[in-house]
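Colleague: I would like a close look at one part of this model, the aromatic side chains and what surrounds them. Please go through it step by step.

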Amino acid sequence: MNFQDIPPQLSDGFSYAGNRLERLSEHRGDARWLAEHMNSPAARFVCFCSEKPVINLGEGGKGPLTSLHERALGARFGMVDVETVLLGFERESRSPIFATSLPAGEEEIEAAGPLKLIDIRSLAIQGALSPEELGILAQARALSHWHSTHRFCSRCGHESRMTQGGYRRDCPQCGGLHFPRTDPVAIMLIADGENCLMGRTPRLAEAVFSTLAGFIEPGETVEDAVRREVFEEAGVQVGRVGYRASQPWPFPASLMIGCRGEALSRDIVMDETELEACRWFSRAEVLDMLAGTHAAGLRVPPPLSIAHWLIREWALGRE
């Protein structure tokens with residue numbers, strides 16, 4: 001796929017959405033082809049330990065930081081080829097990029113320096129890596145987590161094995177085929193004229209209000225999921241729903257599907273098991289929250305998430 005021919009998308013500027021690897025999925029079933037690229041001197045590896053990527057801190061620990069390592073580093077800390085996933089190929093260098101989980105401990109790896117395990121949320125907040133590399137980490141994190149939690153066949157319980165370059169696990173006992181999962185989440189800014197609906201869950205930082213969100217259930221459209229989640233959490237009826245943009249969210253493997261909905265009612269009946277606060281905010285109030293000048297110190301989520309973008313684009317009057 002030639003990404004140079006694709007016009008910019010709204011999602012392009014989001015954290016974890018910059019992955020431009022060419023996946024070449026049609027070749028994943030060729031074991032010889034995979035082995036050739038895995039052993040190529042140009043191959044680079046994203047290595048995880050305790051679900052955190054191993055980051056090279058650069059010469060003297062002063063950068064530039066990178067999560068892409070030569071094969072020797074993975075081999076040094078116990079990389080297993082048959083449990084290593086092909087992520088894809090860089091567009092310009094054509095270097096193959098793989099992901100693997102290391103059995104070595106965190107202390108052992110960091111003692112080898114200049115290496116450090118840093119969670120991918122912190123890397124995004126700090127802007128420590130390029131958008132492209134953060135996108136690669138999101139793909140790697142989702143796949144690595146899936147393999148670590150789905151090692152056994154859900155049909156018969158026998159241990160499965162990785163195939164198709166890491167995009168399938170096969171059961172040698174019953175023949176079951178298992179594929180990586182992505183969990184779709186509807187995240188929505190609900191508006192009523194010059195006001196929008198936001199809430200806060202206990203896991204949000206103090207004084208932060210955000211958009212409502214929830215997992216899309218089987219047999220449900222995105223639009224119906226938006227309406228159901230808003231009614232369940234806030235008791236507000238929603239009419240028209242429109243798609244805005246999406247964001248990979250590797251915690252561990254979700255796809256945030258950003259929407260805007262039009263409220264049909266105003267009265268809030270909050271689900272206290274889901275939210276600890278929920279209310280309507282005026283456009284002027286939201287602009288103050290974005291600027292950090294709200295009188296009560298209320299804030300919106302940081303630019304890391306699509307929630308921030310959904311709130312900002314509504315506050316600025318963008319359709």
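Are Phe45 and Phe98 buried or exposed?

Modeller: Both Phe45 and Phe98 are buried. This is a predicted model, and the values below are computed from it.

The structure holds seven aromatic pairs. One of them is edge-to-face: Tyr16 and Phe251, at 5.8 Å centre to centre and with 75 degrees between the planes. Tyr16 lies in the segment before helix H1 (31-38), while Phe251 is in the loop between strand E12 (238-249) and strand E13 (254-263), so this pair ties together parts that are 235 residues apart in sequence. The two partners differ in burial: Tyr16 is buried, with a relative accessible area of 2%, whereas Phe251 is partly exposed, with a relative accessible area of 25%.

The pair you asked about is formed by Phe45 and Phe98. Their ring centres are 5.3 Å apart and their planes stand at 20 degrees; planes under 30 degrees apart count as stacked, so this pair is stacked. Phe45 belongs to strand E1 (residues 44-49) and Phe98 to strand E4 (residues 96-101), and the pair links these distant parts of the chain, 53 residues apart.

Back to Phe251. Ring pairs join this residue with Tyr16 and Trp249 in a cluster. Phe251 also has a charged neighbour: Arg121 lies over the face of its ring, at 4.1 Å from the ring centre. A second arrangement of this kind involves Arg266, which lies over the face of Trp280 at 4.6 Å from the ring centre.

Trp280 and Arg266 have residue numbers inside a span named in a record. The UniProt annotation "domain: Nudix hydrolase", from an unreviewed entry, covers residues 180-312. That span is 22% helix and 36% strand, and its end C-alpha atoms lie 33 Å apart.

The cysteines can be added for the same strands. A search of the whole structure finds zero disulfides. Cys49 is buried, with a relative accessible area of 4%. The closest cysteine sulfur to that of Cys49 is in Cys47, 10 Å away, which is too far for a bond. Cys259 also counts as buried, at 1% relative accessibility. For the sulfur of Cys259, the closest cysteine sulfur is in Cys196 at 15 Å, again too far for a bond.

Technical notes
Residues numbered from 1 in each chain as written. Predicted model: local features only at pLDDT ≥ 70, side-chain atom pairs only at ≥ 80, totals over all residues. Heavy atoms only, no water. Phe/Tyr/Trp six-rings, centres within 6.5 Å; stacked < 30°, edge-to-face > 60°. Helix = DSSP H or I, 4+ residues; strand = E, 2+ residues; numbered from the N terminus. Buried < 20%, exposed > 50% of the residue type's maximum accessible area, 1.4 Å probe, protein only. Lys NZ or Arg CZ within 6 Å of the ring centre and 35° of its normal. UniProt positions renumbered as here; feature names shortened; annotations may be inferred. Disulfide = S-S within 2.5 Å.
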